[in-house]
Amino acid sequence: MLEQLAHFYAVYGSVINFIGINALMALSLNVTLAAGMLSLSNAAFAGLGGYAAGILTLHFKMPYVVSLCGGALVAGIVGLLLGLPVLRLRGVFLAMATLAFGEVVRIAAVNLDITGGAEGLTGIPNVTKTWMIYLALAGAAYFMANLRRSRMGWALVSMREDETAAACLGIHITYYKVAAFTVGAMMAGLAGGMYAHLNYLITPRDFGFFVAVDLLIYNIVGGTRVWYGPILGAVLITALPEILRGAGVTAGPIRMGVNGLILLMVILFLPNGLASVFAWVRPAAVKAKTT
Amino acid sequence: MNDLLVRNISRSFGGLQALLEVSFDVARGTVHGLIGPNGAGKTTLINILSGVLSPTSGEVIYRDQALHRIPAHRVAGMGVARTFQNIRLFPAMTCLENVLAGHHLTALRPLLPRLLRLPSAGREDRKLMGESCEILARVGLEAKSSHLAKNLSYGERRRLEIARALSFSPKLLLLDEPVAGMRRAEAAEVANLVRSLAGEGMTILLIEHNMSFVMNLCSQITVLNFGRVITTGSPEEVRGHREVIEAYLGSGDHDA
């Protein structure tokens with residue numbers, strides 16, 4: 001039994017690791033999505049965090065934990081500075097501005113010397129272990145689950161529901177928007193730092209446009225309204241190519257098509273994402289008990 | 001004693017003069033009515049008083065503090081709550097959650113004790129839950145506390161909006177058409193609620209088209225037409241005012 005588990009991990013270990021990293025990044029996007037902001041810069045924040053952590057390790061010989069914290073902090077500071085001007089925008093305009101920021105980060109990474117140019121930052125020691133990723137994910141999930149019932153959580157959900165009404169209840173809209181943006185950026189930066197120390201290298205393409213869109217897909221497929229929604233989405237979409245391969249379908253070239261199909265089905269039949277399946281099961285169980 | 005002083009408030013939207021030199025006083029602990037035909041500028045005025053809009057010129061003084069040009073969240077912080085003509089609830093929240101969300105200014109709900117599972121977080125939650133249930137009971141929605149706001153009837157939504165506005169214990173309440181679309185019995189319950197709130201010292205300024213509601217409830221009424229104040233006075237004075245009858249009530253039947 002133990003041997004089989006070890007074998008399974010030897011084969012699928014890297015998928016398991018990437019599921020955790022993707023789930024952490026999806027959760028970081030959920031901080032802003034839950035407040036009704038369609039921001040697509042979290043992939044770029046993960047990239048920033050990854051590069052910053054990698055540079056701290058390689059050039060400044062910092063220990064792993066310090067590098068990770070440094071990466072998250074850099075992403076958070078950039079998030080704060082970007083959030084102040086950009087969060088005046090709403091809806092698709094915010095999405096466009098944040099996507100543009102992602103391109104700025106990518107192009108900067110290609111052209112700077114300290115980031116290693118187009119080849120990326122190489123030779124980062126591989127020190128991230130699976131348990132570290134899942135410990136960080138559990139911490140982030142615990143944080144998100146408790147955030148909902150806190151002062152900030154109530155403010156964010158109120159803003160998503162109706163910004164004007166929220167302001168008239170005394171909620172400082174700009175403050176909470178920037179706070180959510182910064183918290184999300186830090187979480188993404190942490191995920192990026194773990195990724196950099198898992199993959200030996202980090203390149204400008206690792207956190208480009210497609211990753212930004214993937215993070216959104218994880219949230220929509222899983223559901224944005226509960227903390228476990230983005231995790232469900234990230235697990236399903238990341239594991240899907242492997243599952244398909246097991247079923248004898250090589251999903252490589254049609255991966256985006258399959259993702260698109262799943263997205264379409266979820267939007268049509270589960271508008272609140274996979275998480276809403278759990279929300280249906282629970283009231284039914286309660287009803288069964290009382291009758 | 002006057003709570004709210006509106007002084008020469010003007011507001012234009014491009015070429016449209018929505019309000020022109022509007023002035024009136026609202027006395028503390030009274031119910032003050034704001035009436036006028038559609039497009040008279042009533043909602044624009046409520047938007048200015050709640051900080052959602054800023055006036056082009058003029059001043060609003062509330063308890064010796066200037067209220068105009070202060071953002072909405074700080075106006076709320078001064079104890080001013082409002083409802084909206086085109087109901088703005090939190091639709092995907094339950095009734096209870098709407099009122100809980102409304103507690104932003106009075107509740108602490110810090111994150112850290114929650115993360116550390118300290119008992120203080122649960123204590124505060126239970127206290128807020130109790131208060132919120134009482135507020136819901138006040139507007140007659142205690143039986144609907146676990147219903148989603150978007151599934152309520154029109155009249156229930158209006159009452160939930162009042163409940164949410166009451167959640168942070170405001171001192172001045174601005175109601176924009178609180179009984180629009182309500183049945184007579186339901187409107188009478190809201191009238192009783194407004195009367196009891198004023199009895200507790202709350203100042204209430206309300207817009208309403210239901211004339212029997214306004215005439216029975218308000219001690220003072222300001223009449224607006226085309227952005228200007230025609231008159232401010234008691235219901236009897238307003239009822240007998242020639243310009244008001246011409247502009248608003250029509251001839252003869254004024255219990256519309």
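The expected span of a helix is 1.5 Å times one less than its number of residues. Keep that rule in mind as we walk through this predicted model, beginning at the start of chain A. Helix H1 of chain A, residues 2-33, has 32 residues, and a straight helix of that kind would reach 46 Å. In H1(A), however, the end C-alpha atoms are only 40 Å apart. Where should you look along this helix? H1(A) has a kink of about 70°, and its centre is A:Tyr12.

Let us move along chain A to a pair of helices that pack together. Helix H9 (residues 209-222) and helix H11 (residues 255-269) of chain A have axes 9 Å apart and meet at an angle of about 35°. The crossing of H9(A) past H11(A) is left-handed. Which residues make the contact? From H9(A) come A:Ile217, A:Ile220 and A:Val221, while H11(A) brings A:Asn259, A:Ile262, A:Leu263, A:Val266 and A:Ile267. An α-helix has 3.6 residues a turn, so residues three or four places apart point the same way. You can follow that spacing in the numbering of the contact residues on H11(A), including A:Asn259, A:Ile262 and A:Val266. By class, the residues of this contact are seven nonpolar, one polar and no charged.

Now turn to where the two chains meet. In this interface, 22 residues of chain A are in contact with 25 residues of chain B. On the chain A side, helix H5 (130-147), helix H6 (151-161) and helix H7 (163-167) each give two or more residues. H6(A) has the largest share, with seven residues. The side of chain A that touches chain B holds twelve nonpolar, six polar and four charged residues.

Finally, have a look inside chain B. Its domain assignment gives domain 1 as 1-79 + 170-256 and domain 2 as 91-167. Taken over C-alpha atoms, the centres of these two domains of chain B are 27 Å apart. Twelve residues from domain 1 of chain B and ten residues from domain 2 of chain B take part in their contact. On the domain 1 side, helix H2 (72-77) and helix H7 (184-199) of chain B each supply at least two residues, and H7(B) has the largest share, four residues. That side of domain 1 of chain B has seven nonpolar, two polar and three charged residues.

Notes:
Residues numbered from 1 in each chain as written. Chains lettered and ligands numbered in written order. Predicted model: local features only at pLDDT ≥ 70, side-chain atom pairs only at ≥ 80, totals over all residues. Axes fitted to C-alpha atoms, helices over the stretch in contact; angles between N-to-C directions. Left-handed = near helix turned anticlockwise from the far one by under 90°. Contact = placed C-beta atoms within 7 Å. Nonpolar A, V, L, I, M, F, W, Y, C, P; charged D, E, K, R; others polar. Domains from an automatic or database assignment. Bend = angle between axes of the 7 residues up to and from the residue.
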